[in-house]
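Here are some exercises to work through with the model open beside you. Try each task before reading the solution under it.

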Amino acid sequence: MRIRLADVTKRYLREGSLRVASDEPPALDHISLDIADGETVSVVGPSGCGKSTLLRLVAGLETADCGTVHYDEHDVADVAPQDRGIGMVFQDYALYPTMKGAGNLKYYFDVHRRTEDEARARAKEIADIMGVGFELLLGQQTTTLSGGEQQRVAIARCIVRDPTLFLMDEPIVNLDAKLRESTRMEMAKLLKRYGITTMFVTHDQQEAVFMGDRIALMRAGRVVQIGTFDELYYSPVNLFVATFFGSRPLAVLPATVADRTVRFGEAAWPLPAVLADRLEPGPVRIGVRPEAWRFAGAESGGGARMAVDRIESVPAERLTLAHGTVSGARVTVVAPAGTAGDVLWLTPDWEAATFFAADGEHALHTPGAPEFF
Amino acid sequence: MTTDTAVADATAAEDGAQPPATPSRSRRRRRQLWIFLAPAVLLNLVWGWYPLATSFVLSFTDARLRGDVTFTGFESYERMINDPLVAQAFRVSIIFAVLSIVLTFVVPILVAILLMEMPRRTMRWMMLLWFLPLSSVGTAILWRYVYNTDYGLLQSIATGLGFDRQPFLNSSDQVLFWLVIPGLVLYGPGLIYLATLQSVPTSYYEAAEIEGAGFWRKIWTISLPRMRPVILMMLMFAVIGNLQQFEWPMLMTDGGPGGASRTAVMYVYDILNQLRYADATALSILLFALIMLVVAVMRFAIREDPDAPPRRSLRELVTRKGDH
């Protein structure tokens, strides 16, 4: 099912006040989204950015102040949550208390007065899909299950009634790291198998990248950028997107463009022709990822001088990282193995560098995904 | 010393593998333990166990204000059991408890559930109205005026509606019913129910809503199960409290008419006023036995349902803390 949101805005009433406080930013601010049939979109962003509100609004648990939500061609403004054919998984699983796992799966069929046989047949079917040991969980009281087990039951409860849209609100955030990994693998498999349109809310960028065909990055009630990981990583629309992704910090260097050269601190580099044609002379900020630096050896004069604070080696990834400063800006670089010493001479890889406005945060030039990917 | 070792074990389990505490350390721990326990233990001994033990002893004597005390065996008990007023007082207490539970116990539960459905602001105001900690003595005196047969509020309503003049508290058949009714507006437990309901995550209700559950189903499958342990506990308290009812009948009817609202504790009080200590303590012990019996029966009857998770011991909870 295709989901389309057009210009959706939602404000919460402030606690205790009857009128909308106009100075407060809306929880959702003119959001437009188009999710294709069968697509999984991860909604990611810092806490309080409105991602959960967005999900609840699509579910019908919240109503929009203005704007429309379409399921395929139908405007669902007047459709109650239970009639939308959705399955929702909550952060705290929200399994019904005093019911066994099986009771949780049967709940929907009870509510809708379906037959006991149908409920049992469906539950059996789901148990086969959910894999080894799942049937054991159904016989147990949900309060005795561990977090991971509860979560499996919650997901099963969600798919048992054949939803046309999956809504997941940080479903695995409460699990420990190892379990999170295996569970997200299992979920990705399920989503692939069913090909159901899915919105997956998370605050974890890795999870978002893993689960989503596309990623919608939100901030302060707006979708800042939506696209594949490559698009967000290599063509960020602004500094926020660029700094959000990547497990190691992006270096942001205040620099000046003049006479087809770029000047940063004491270093100056001639700009490649493509960049020189595009960039206006004046101040800019250059974003360089740790892996996008070139080393000019230990000899002076080859680029910018980096004062190294610490060399860190990451054996699991066979990486050596150098942390330090270049003309006052904090920089982390992926250094060649065996790097030592207090000083490194660096040059940004211009094919992978991003240029941002000095006075705003929007991107002036982005490198785009490398060809070989 | 079992509590002591249990505590030590629990902390050891919490800290993981730990070298065995040196003797001096464990002695210090034990001393600290007793320092913290002392105030509670002392108060309990002085105000709880000492009176209980003494009354138990006194009930087998002929204790009076002065004069020698001699051991008389079950004489006081015999006297009390054969006293027709004792039987009446116990009957009153039991009827009062049953009436009060049947008529008033469910109301605060319903009120709490309905309050949760109201808008926040309304709920706050209603909470203030319903759950204001009213002085029960003041309320009792007010109700005495409400029930006044000559110029009371209820009488004027009754006659206004065309009924005959009602006796209210003056009728020995109706007096207990009218005594129970004011309990409808005293909502101590309601606040506890409301707090329990507020602790239920909203996602439970949202999950049910998405599955198409209506209002009553949500109450039945989410709210009530979550309130169940609290309800059972409040029921236990209500039974115990009502069997010991004293102040309402004391303030509103003084046990009348003709002892029709004289509860067991009131009768103990009457006997005490006659300085018959042995009889009073014997009667108290009888009431104590009755309450213990009722509590035991209730504990047995309302067992946790067989599906409920097994109870976890403290140690299990401590060791399992890590794996969530």
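**Exercise 1.** Find the bridge partner of A:P254 in β14(A), then step across to β20(A).

*Solution.* Please keep in mind that this is a predicted model.
- Step 1: Start at A:P254; its bridge partner in β14(A) is A:R285.
- Step 2: Carry on from A:R285, whose bridge partner in β20(A) is A:F356.
- Step 3: Now look at the strands behind these pairs. Strand β11 (residues 251-258) of chain A is joined to β14(A) by 7 bridges, and the two run antiparallel.
- Step 4: On to β20 (residues 354-357) of chain A, which pairs with β14(A) over 4 bridges, again in the antiparallel sense.

**Exercise 2.** Is strand β14 (residues 282-288) of chain A mostly covered or mostly uncovered?

*Solution.* Count, for each residue, the other C-beta atoms within 10 Å of its own; a residue with 20 or more is buried. By this count 5 of the 7 residues of β14(A) are buried, so the strand is mostly covered.

**Exercise 3.** Write down the strand order of the open sheet of 6 strands in chain A, and explain why β13 and β21 each have one side without a neighbour.

*Solution.*
- Step 1: Reading across the sheet gives β13-β12-β11-β14-β20-β21, with antiparallel pairing.
- Step 2: β13 (267-270) and β21 (363-365) of chain A are at the edges and have a single partner strand each, so one side of each lacks a neighbour in the sheet.
- Step 3: For the turn between neighbouring strands, ignore direction and take the average: the result is 35 degrees.
- Step 4: Check the pairing at the β13 edge. Strand β12 (residues 261-264) of chain A pairs with β13(A) over 4 bridges in the antiparallel sense, and A:F264 has A:A267 as its bridge partner in β13(A).

**Exercise 4.** Which strands form the edges of the open sheet of 4 strands in chain A?

*Solution.*
- Step 1: Set out the order, β2-β1-β4-β5 of chain A, where the pairing is antiparallel.
- Step 2: Pick out the strands that pair on one side only: these are β2 (28-35) and β5 (74-75) of chain A.
- Step 3: Move inward to β1 (residues 3-10) and β4 (residues 66-71) of chain A, which are antiparallel and joined by 5 bridges. There, A:T9 stands opposite A:C66 in β4(A).

**Exercise 5.** Describe how helices α11 and α12 of chain B pack.

*Solution.*
- Step 1: A helix pair is described by the angle between the axes and the distance between them.
- Step 2: For α11 (residues 202-210) and α12 (residues 215-243) of chain B, the angle is about 145 degrees and the axes are 10 Å apart.
- Step 3: The crossing of α11(B) past α12(B) is right-handed.
- Step 4: List the residues that meet: B:Y204, B:Y205 and B:A208 from α11(B), and B:K218, B:T221 and B:I222 from α12(B). Sorted by type, the residues of this contact are 4 nonpolar, 1 polar and 1 charged.

**Exercise 6.** How many residues does each chain bring to the contact between chains A and B, and which elements of chain B take part with two or more?

*Solution.*
- Step 1: Chain B brings 20 residues and chain A brings 22.
- Step 2: On the side of chain B, the elements giving two or more residues are α11 and α12. The largest share, 6 residues, belongs to α11(B).
- Step 3: By type, the side of chain B that touches chain A has 9 nonpolar, 4 polar and 7 charged residues.

Terms used:
Residues numbered from 1 in each chain as written. Chains lettered and ligands numbered in written order. Predicted model: local features only at pLDDT ≥ 70, side-chain atom pairs only at ≥ 80, totals over all residues. Buried ≥ 20, exposed ≤ 12 C-beta atoms within 10 Å, placed from the backbone. Pairing = 2+ DSSP bridges. Axes fitted to C-alpha atoms, helices over the stretch in contact; angles between N-to-C directions. Left-handed = near helix turned anticlockwise from the far one by under 90°. Contact = placed C-beta atoms within 7 Å. Nonpolar A, V, L, I, M, F, W, Y, C, P; charged D, E, K, R; others polar.
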